Amino acid sequence: MSKKIALVTGGLGGLGSAITAQLGRAGHTVIATYTSDNGRVEKWQGHLREQGVESSYAVHCDVSDWASCQAMAEEVRSEVGEVDIVVNNAGITKDSSFKKMPKESWDAVLRTNLDSVFNVTKQFADGMAERGWGRIVNIASVNGRKGQFGQTNYASSKAGMHGFTMSLAQELARKGVTVNTVSPGYLATSMVMGMKEEVRQQIIEQIPVKRLGEPEEIGSLVAYLASEDAGFITGANIDINGGLHME
Ligand code: CAA
């Protein structure tokens, strides 16, 4: 497999670091965007080195902010090179019933989870098309597929990502660039561990495989979608949720 440059937004987080590790192990140079460092970059690079991944770079970026994404792309181009693989992974939750949801929670989640997909992809998609090769993977959620009590904001943002995927996939198909969505279920990450214990247990009960997913399981799928072998998969949504939602 030829060596590519892969950028993962929110690449230092629980899921993001598993994705960067798998892409790095597949031979790519990995770039992670982050909003706060506090020693996390060093820890991330150490974790990658332990797995034999030497080529990595971390860049500050607020994915919800267009100007920040432009600055991030300039830095990446001058410090690392042209990006071939983009994984839109950064995301937040601000759960509450619709009745209790303030406008700020709606805006924050839509900006971070969905506007970000435009802000980041826009920086790199033209270059991929011009070079005739690229991979864009959008990390959505089982809850964008089935809805979830307390997540009108999050589920809307995640469902919106797949509309973006299907549309851009059609625009870039002839240019050697694939665009796909991965919809993970509940994973053992801080996002899910931050839920109330009793709510989490109720959800695990509903998952046919009776466990949370491992971030590495998502990382492997993303690495496959980013590979040469996956060139015939585009505009797809791939569910990886332990059977919680089947279609
Ligand atoms: N279905 C139906 N009714 C429900 C319900 C559900 N799933 N959950 C709560 N209710 C009911 C309660 O029984 C209660 O009813 P009564 O008023 O009749 O007693 C009422 O709704 C409570 O409503 P509130 O607005 O007061 O809700 P709350 O403040 O107690 O809790 C919540 C709301 C925090 C959103 C809580 O329901 C919750 O945590 N839900 C889970 C959200 C979730 O799954 N988040 C996923 C985070 S991880 C992630 O998003 C990653 C990924 O991609 C999978």
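Good morning. I begin with a charge and a ring: K4 lies over the face of W133, and the distance to the ring centre is 4.1 Å. Please keep in mind that the model shown above is a predicted one.

Let us turn to the aromatic rings. In general, two aromatic rings are described by how far apart their centres lie and by the angle of their planes. This structure holds 1 aromatic pair. The partners are W66 and F118, with 5.8 Å centre to centre and 35° between the planes, and the pair is tilted. W66 belongs to helix α3, residues 66-79, while F118 belongs to helix α4, residues 103-131, so the pair ties together parts that are 52 residues apart in sequence. Are these rings buried or exposed? W66 has a relative accessibility of 34% and therefore counts as partly exposed. F118, at 43%, also counts as partly exposed.

I now come to the interior. As a general tendency in soluble globular proteins, nonpolar side chains are buried together. Here, the largest nonpolar core has 28 residues, and those with the most contacts inside it are I19, L23, V87, I139, V182 and V222. Several elements give two or more residues to this core, among them the strands β1 (5-8) and β2 (29-34) and the helices α1 (14-25) and α9 (215-225). Which element gives the most? That is α9, with 5 residues.

Consider I19 in particular. Leaving aside its neighbours within four places in sequence, I19 is in contact with V8, V87, N89, I139, G219 and V222. There is also a second, separate core of 25 residues, which includes I31, V59, C61 and A169.

Thank you for your attention.

Conventions. Residues are numbered from 1 along each chain as its sequence is written. This is a predicted model: local features need pLDDT of at least 70, side-chain atom pairs count only at pLDDT 80 or more; totals for chains, interfaces and linings use all residues. Side-chain values use heavy atoms; hydrogens and water are left out. A nonpolar core is a set of buried Ala, Val, Leu, Ile, Met, Phe, Trp, Tyr and Cys residues joined through side-chain atoms within 4.5 Å. Buried means under 20% relative accessible area, exposed over 50%, partly exposed in between (1.4 Å probe, protein chains only). Helices (H or I, at least four residues) and strands (E, at least two) are DSSP runs, numbered from the N terminus. Contact means heavy atoms within 4.5 Å. Rings of Phe, Tyr and Trp (its six-membered ring) pair if their centres lie within 6.5 Å; planes under 30 degrees apart count as stacked, over 60 as edge-to-face and the rest as tilted. A charge sits over a ring if NZ of Lys or CZ of Arg is within 6 Å of the ring centre and within 35 degrees of the ring normal.
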